[in-house]
Amino acid sequence: IDRYRKMESQMRTEEDDKTGESGSGQSSQKGAADSKIEEDEEMQEAIHFCDILKAYANYATHCFQLFNRLESDFRSIPKIQQALVPSFEKKLRTMKACVGANQFFVRKILNERRVFMNSDTINYDWVMRKNRPPTPGNMEKVLSTLKQCVRDWSEEGKEERAMCYGPILSEIKKLFPKPSTKIRMLVPGCGMSRLVWEIANAGFHAQGNEFSYFMLLCSFLILNCTKKAAVYQLFPYIHQTQNQYSPRGQLTRVLVPDVDPSTIPDSSLSMNAGDFQEIYEEQIEEWDCVATCFFIDTANNVIEYIRLISQLLKVGGYWVNFGPLLYHYSGMRNEISVELSWEEIRACLKHYNLKLVREERCKPATYCFNKQGMMKNEYSCVSTTCVKIGKTPKEKPAPRFQALVNRGKQQQQQQQQETYFCQPCK
């Protein structure tokens, strides 16, 4: 909400370059007024996209700043203690060299950026020139994307994929023993798109949906611009200075992808970029199967996801799910987060005519685990299958934005009350 308010203020005051348009779309004041809301949304999207491009472009600089600080801290200790670790400076030089290999991969990603610049009214070069330095959060997501690439598209990630994608693929083969591209499967929140590729490679028509531009940019390079295996070498753990057994673990080299992504027909795989609820809200009973992996806890309201998944499925279609309940919006400012236990979620299935036909609990799954490191995140997941047995009840979609507005008003009222009650204390 704050970002939109700031944007609206900027649009009012910066008349000379308020939309960054190249000149088209300004034929009349009336037309500009009618499309103002749409222009605001397009500009906000363009700013968000360009912020991500800047984060990718800043990768090497960010790494060198990190390594320079490590070197400075090491040089600050007594000489006699520095002499106890004679290999430290050599390790730092090697780490800086590894940044070059990662930067080559990042440049390949950025070379495909024009594919996502799909607005005719936005001058993206103008947006890129605005003084908005990369945020620490976005830089952390760039580093995380490199690890995600290992998880989905390397031989090293094979064991981890078997934990989370394996149960889904195995169940799909049981439910649909005769693969056909006429069987349509949707994978929302597909991340780096390996699960979508595996389903398409098994002989089905698969469509992936992803919201994060970090993931979309990287997966586009792999799926559409890579024609053989082991094209790129990555050093995904050089930024991970904690919980290392030895420098070898930190300097692990990984080759991606582990398969040739171009081996499947183009007609069997498609991608749809954007918010899951916004893109698919108008679709009704168009899919034979919805496969979700580490996805349902990304919702502000998990019940709304269940409603939409039911709406998307044909009667007799299946929802195959695997993952934990981390709830990504938990504790985030200005975000609603409906956080239910699995049994509470399970109780909601009947209302949307989803019959639970398979349930397995305590299924272990790691996430972006460095095998040579000292720490790993392991989840105890639920693996389920539901079949749709009837029509989805007609309900209005939950107004997420309005909920945020109401929360903002409640917080403002709470602050006013706190100020009032504190007044006598003064």
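1. Start with helix H9, residues 158-175 of this predicted model. Helix H9 lies across five strands: S1 (184-188), S6 (287-293), S7 (313-323), S8 and S9 (378-388). Relative to S7, helix H9 runs at about 160°.

2. Now for the sheet that the helix lies across. Its 7 strands follow the order S5-S2-S1-S6-S7-S9-S8, making an open sheet with mixed pairing. Strand S5 (269-273) and strand S8 (354-366) are the edges, each pairing on one side only. From one strand to the next, the twist averages 15°.

3. Both senses of pairing are easy to find if you would like to look at them on screen. At one end of the order, strand S2 (residues 205-210) and S5 pair in the parallel sense over 5 bridges, and glutamate 210 stands opposite alanine 273 in S5. For the antiparallel sense, take S7 and S9, which are joined by 6 bridges; here phenylalanine 322 has serine 383 in S9 as its bridge partner. S8 and S9 are also antiparallel, with 10 bridges between them, and threonine 366 stands opposite glutamate 378 of S9.

4. Is strand S9 largely enclosed or largely open? Of its 11 residues, 8 are buried, so S9 is largely enclosed by the rest of the structure. As a reminder when you look along any of these strands, side chains in a regular strand alternate between the two faces of the sheet.

5. Next, the nonpolar interior. In soluble globular proteins, nonpolar side chains tend to be buried together. The largest nonpolar core here has 84 residues, and those with the most contacts inside it are Tyr56, Tyr59, Phe67, Phe105, Ile172 and Ile199. Leaving aside neighbours within four places in sequence, isoleucine 199 is in contact with Leu169, Ile172, Met185, Val187, Phe204, Ala206 and Ala291. A second, separate core of 25 residues includes Leu186, Tyr280, Trp319 and Tyr352.

6. A charged residue worth a look is arginine 194, in helix H10 (residues 194-201). Why does arginine 194 count as buried? Its relative accessible area is 4%, and buried means under 20%. The side chain of arginine 194 makes a polar contact of 2.8 Å with that of aspartate 258. Beyond its neighbours within four places in sequence, arginine 194 is in contact with Asp152, Trp153, Arg161, Tyr165, Asp258 and Val259.

7. How many salt bridges does a search of the whole structure find? The count is 23. One of them joins the side chains of arginine 307 and glutamate 281, at 2.8 Å from N to O. Arginine 307 belongs to helix H14 (residues 302-312) and glutamate 281 to the loop between helix H13 (276-280) and S6, so this pair ties together parts that are 26 residues apart in sequence. Both arginine 307 and glutamate 281 are buried.

8. Another salt bridge links lysine 314 and aspartate 288, with their closest N and O atoms 3.2 Å apart. Because lysine 314 lies in strand S7 and aspartate 288 in strand S6, the pair ties together parts that are 26 residues apart in sequence. Lysine 314 is partly exposed, with 30% relative accessibility, whereas aspartate 288 is buried, with a relative accessible area of 16%.

9. For a salt bridge between partly exposed residues, see glutamate 359 and arginine 361, whose side chains meet at 2.8 Å, N to O. Relative accessibility is 27% for glutamate 359, which counts as partly exposed; arginine 361 is partly exposed too, at 42%. Elsewhere, Glu71, Arg75, Glu89 and Lys96 are joined into one network by salt bridges that share partners.

10. A last stop is asparagine 370, in the loop between S8 and S9. Is asparagine 370 buried or exposed? With a relative accessible area of 4%, asparagine 370 is buried. Its C-alpha is 7.9 Å in space from that of glycine 249, though the two residues are 121 apart in sequence. Apart from neighbours within four places in sequence, asparagine 370 is in contact with Tyr237, Gln240, Gln244 and Gly249.

Key. Residues numbered from 1 in each chain as written. Predicted model: local features only at pLDDT ≥ 70, side-chain atom pairs only at ≥ 80, totals over all residues. Heavy atoms only, no water. Pairing = 2+ DSSP bridges. Helix = DSSP H or I, 4+ residues; strand = E, 2+ residues; numbered from the N terminus. Axes fitted to C-alpha atoms, helices over the stretch in contact; angles between N-to-C directions. Contact = heavy atoms within 4.5 Å. Core = buried A, V, L, I, M, F, W, Y, C linked by side-chain atoms within 4.5 Å. Buried < 20%, exposed > 50% of the residue type's maximum accessible area, 1.4 Å probe, protein only. Polar contact = N/O pair within 3.5 Å; in protein donor to acceptor, adjacent residues only side chain to side chain. Salt bridge = Lys/Arg side-chain N within 4 Å of Asp/Glu carboxyl O.
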